[in-house]
Amino acid sequence: MIKAPNTRAEALQRDAADPLADRAALFDLPDGVTYLVGHSLGPPPKGARDRLAAAQADWAGDLVRSWNSAGWIDLAERTGDRLASLIGAQPGEVIVADSVSVNLFKLAAAALPQARTYALFVEEDEFPTDQYIAAGLGGLSGAEVRLLAPGGSFEALRAGGVVIKSAVNYRSSEVTDIAAHEREARRQGALIIWDLSHATGVLNLKLAADGAVLAAGCTYKYLNGGPGAPAFVFVAGELSPKLANPLPGWMGHAAPFAFNGKYVPRDGVARFASGTPPILSLAALSGALEAIEGVDLGQLQAKARALGALAVARAQAMGLDVLSPVEDGRRGGHVSLRIAEGYPVVQALAARGVMADFRAPDTVRFGFSPLFLSYQAVWNAMAALAEILESRSWDQPQFHARAKVT
């Protein structure tokens, strides 16, 4: 177990010894804000802003020639190669394209013919999109779709179908043993599509070493790619020649500018490109990755879990119900608490400059990015939570008013 700081002074001592402390200077965050948001939007790295400005200048200056002169045409693949190093994959096995939802659909449709049985499996506590995609694809393809009880994916591998599974559960932060699942999948003729959305950027992922062959993930959470930043697809090199993109677009064609009416897929993961890549978003993501590149991923994971251990310890001291694993090795980069008045509590925290997540019906979630957060900031945030709960200052009309995005 990670020993959490017991005092603010101990938190400051951890900050003084933090090997990642210098990374915070690479981000633009408003003064007085502690950003514990772990869902749809990480804060902007300065590199993202600079690359976006450069892409805008290319657009204005070189116009359509920028596809060649600024290298736009290869940006999705170059950025994918950089992402590969963050998830334990090889160059040429990752490409940036579309959204997580679309990529899960593409991978699942491509994987079904390769599995021993024509069936899709997903646990009922997976992120809703993962469940919707499985159900939608099942309706289109005729594949059997089974909704599993939480934790039921390992047993389901015996059926030999395609399992969609998060590496880190979006609500609980429970980490899945990827290697164990993949060993069983190979024995049973099954395939697993890993959703890495809550894992990339906080865990030391080793997909190749763990035997993973298919994955998708977002880039707007802990990779800080920006609002609506494009997602990525991972396909292991030995498997990609066997897979067909169910949405074959011209950017996945071996010769897109030959304008041939017959589709011929590109080699490798690039066949999972479909439409024209979103260059401005890609440029921002490319710059955002500068904030994490060069970081020891072991240190990154250790700090994320240590910040989480601090939150768990303070929450337990308050008598709160901790939904995330207390055992550090089983927990990802966020901690979820059950608080009946969760929504107004999160709004009251925001009024104090502490931004966190609410997930219906009663989950308050704190995301711990190791790149820009300090131990002192997390200590202070938990102290603010204690004061809000003790004083019941959350129980004010303005904190109960529901916004469209929660």
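In helix α5, the buried residues are V100, N103, L104, F105, K106, L107, A108, A109, A110 and A111. I should say at once that this is a predicted model. Helix α5 covers residues 100-111, and because 10 of its 12 residues are buried, the helix is largely enclosed by the rest of the structure. What does the covering? The cover over the buried residues of α5 includes the strands β3 (119-123), β5 (162-166), β6 (191-195), β7 (214-217) and β8, together with helix α6 (128-141). As for its geometry, α5 reaches 16 Å from its first C-alpha to its last, close to the 16 Å expected at 1.5 Å a residue.

Let me turn to the protein as a whole. Its secondary structure comes to 14 helices and 13 strands. For 406 residues, a compact globule would have a radius of gyration near 22 Å, and the protein agrees with that, having 22 Å. The C-alpha trace spans about 70 × 55 × 40 Å along the principal axes. Of the 406 residues, 54% count as buried. Among contacts with a separation of 6 or more, 72% are accounted for by residues 24 or more positions apart. The accessible surface comes to about 16,800 Å², and carbon and sulfur atoms hold 54% of that surface.

Next, a single residue. H253 lies in the loop between β8 (232-235) and α10 (279-288). Is this histidine buried or exposed? H253 is buried, because its relative accessible area is 8%, which is under the 20% cut-off for that term. Its side chain makes polar contacts with the backbone: one reaches the nitrogen of A255 at 2.8 Å, and another reaches the oxygen of K262 at 2.9 Å. Leaving aside neighbours within four places in sequence, H253 is in contact with N260, K262, Y263, V264 and R266. K262 therefore appears both in that list of contacts and as the residue whose backbone oxygen the H253 side chain reaches.

I move on to helix α11, residues 297-317. This helix has 21 residues and reaches 30 Å from its first C-alpha to its last, close to the 30 Å expected at 1.5 Å a residue. Its N-terminal end is capped by D296, a side-chain oxygen of which lies 2.7 Å from the backbone nitrogen of G298. After the helix comes G319, with a positive phi near 80°.

The last topic is a sheet. Four strands form an open sheet in the order β9-β10-β13-β12, with antiparallel pairing. Which strands stand at the edges? They are β9 (321-322) and β12 (357-359); each has a single partner strand, so one side of each is left without a neighbour in the sheet.

Following the order across, β9 and β10 pair over two bridges in the antiparallel sense, and V322 stands opposite L337 in β10. Strand β10, residues 334-338, is mostly covered, with four of its five residues buried. Between β10 and β13 there are five bridges, again antiparallel, and R338 stands opposite T363 in β13. Finally, β12 is joined to β13 (residues 363-367) by three bridges, the two strands running antiparallel. Here R359 stands opposite T363 in β13. T363 thus faces R338 as well as R359.

Notes:
Residues are numbered from 1 along each chain as its sequence is written. Side-chain values use heavy atoms; hydrogens and water are left out. Buried means under 20% relative accessible area, exposed over 50%, partly exposed in between (1.4 Å probe, protein chains only). A polar contact is a pair of N or O atoms within 3.5 Å; within protein, one must be able to donate a hydrogen and the other to accept it, and residues adjacent in sequence count only if both atoms are side-chain atoms. Contact means heavy atoms within 4.5 Å. The expected span of a helix is 1.5 Å times one less than its number of residues. Two strands pair if DSSP finds at least two bridges between them. The radius of gyration is taken over C-alpha atoms; the globule rule is 2.2 Å times the number of residues to the power 0.38. Accessible areas come from the Shrake-Rupley method with a 1.4 Å probe; for residues, only the protein chains shown count as cover.
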